[in-house]
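Reader: Could you walk me through this model, one contact and one pocket at a time?

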Amino acid sequence: MSEVQEKPQISFQVNDNGYYGQFGGAFIPEMLHPNIQELRENYLAITQSEDFRQEFQQLLKDYVGRPTPLYHAERLSQQYGANVYLKREDLCHTGAHKVNNTIGQILLAKRLNKKYIIAETGAGQHGVATATVCALMGMECKVFMGALDTERQKPNVERMRILGAEVIPAHSGSKTLKDATNEAMRHWINHPIDSHYIIGSVVGPHPYPDMVTRFQSVISEETKWQLQEKTGSEDPDYVVACVGGGSNAAGAYYHYLDRPNVQLIAVEAGGLGVTSGRSAATTALGKAGILHGSRSLVMQTEDGQVIEPHSISAGLDYPGIGPLHAHLFDSGRATFYSVTDDEAMQAGIQLSRLEGIIPAIETAHAISVLAQMDLKSSDIVIINLSGRGDKDLETYIRWGKY
């Protein structure tokens, strides 16, 4: 009798070289090698130490306001004929999940004796979260932001300034998140010794994608026990999240990565339509390439020039995705959808009217995908409500279809 050969188990954790499958790594200028090497050699030992864990957990509880609720959205559930739960990251201090990561990274930076903090931001939520923890810890903060995004996210720009951060507009390229990241990287290259770059998403050179994912994994850690309390099972049928770089999605998926019975749904920004030339749907339009220090899927021309993305949502206006998400797509572990600007805006208004929750436009993309899914009445769907819509009121007003 011939032996049945089992398929090799696919790992969704980063390997020692910083790769998820074929994606990841650290493609960086020589000047940054000491910084990245310092992080690689120290981040696990520091973040797993008892004193770090105690301080991190205490701040998440008393400062951020965790655990965030897992809310059964009854009227939204009725609308789509399934049991829809919202993980309320919008109720975190600063208004989004971003603060989970900035708390962790500034505690790490302090233990590495760094003097000041650099960050990039798109929608402004990561910039606000970085400025917040810098104020908390008494550290200088510089936030790079695309000039276009400083206009469409003015409230967050002023919040950062009130908190004491210097907001530096990026005027190159499309003047959005990609360009802010470029400028932040350049600044770090010129100030490699005394500064720490708090990357806001699961992008960049190793160990950033893994480090940010670990800090954000508190989302799925809480979801498991909260869902157990409400339904008698830790496992939903679906976990849904929007994906630009993908930090909120990585955190929502983390404790379900190795549970194939839980379907992972990733929602990208379709912009004006995937084939319109004005989109940010990376998995539909991208191919393997290097962007901001790692190998992932990138929207690019035949000769490797990055294609400018478009989304009504500043936080999803990015021409790539994190290497973990590229691996989830490549392996088939996650299912990727795209949602247009108009579909996302309509979903944002729908959630506002049905549940009294105005979502960030990033999260509105995740809400919108419910209309594309083939749901059953017994299905349990968790949507990571990654941010609140206060920052997007001007965009909602300009869109005006409500």
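Author: Happy to, starting with two helices that touch: Lys98, Asn100, Asn101, Gly104, Gln105 and Leu108 in α4 meet Tyr208, Met211, Val212, Phe215 and Gln216 in α9. Contact here means heavy atoms within 4.5 Å, and helices (H or I, at least four residues) and strands (E, at least two) are DSSP runs numbered from the N terminus. Please keep in mind that this is a predicted model, where local features need pLDDT of at least 70 and side-chain atom pairs count only at pLDDT 80 or more, while totals for chains, interfaces and linings use all residues. Residues are numbered from 1 along each chain as its sequence is written, and side-chain values use heavy atoms, with hydrogens and water left out.

Reader: How do the residues of the contact of α4 with α9 divide by class?

Author: Ala, Val, Leu, Ile, Met, Phe, Trp, Tyr, Cys and Pro count as nonpolar, Asp, Glu, Lys and Arg as charged, and the others, Gly among them, as polar. By that scheme, the contact of α4 with α9 has 5 nonpolar, 5 polar and 1 charged.

Reader: At what angle do the axes of α4 and α9 cross?

Author: Axes are lines fitted to C-alpha atoms, for helices over the stretch in contact, and angles run from 0 to 180 degrees between N-to-C directions. The axes of α4 (residues 98-111) and α9 (residues 208-216) come within 8 Å, and they cross at roughly 115°.

Reader: Why is one side of β7 and of β8 left without a neighbour in the sheet?

Author: Two strands pair if DSSP finds at least two bridges between them. The open sheet has 4 strands in parallel pairing, in the order β7-β6-β5-β8. One side of β7 (166-170) and of β8 (195-198) is free because each stands at an edge, with a single partner strand.

Reader: Which helix packs on the sheet?

Author: The helix touches β5, β6, β7 and β8, and its direction makes about 160° with that of β5; this is α8 (residues 177-190).

Reader: Which helix gives the largest share of the lining of the largest pocket?

Author: A pocket is an open set of points on a 1 Å grid over the protein atoms alone, where a 1.4 Å probe fits, with protein on both sides within 12 Å along at least five of seven lines; lining residues have an atom within 4 Å of a point. Of the 15 lining residues, Thr47, Arg53, Phe56, Arg214 and Ser217 lie nearest the centre. The largest share, 4 residues, comes from α2.
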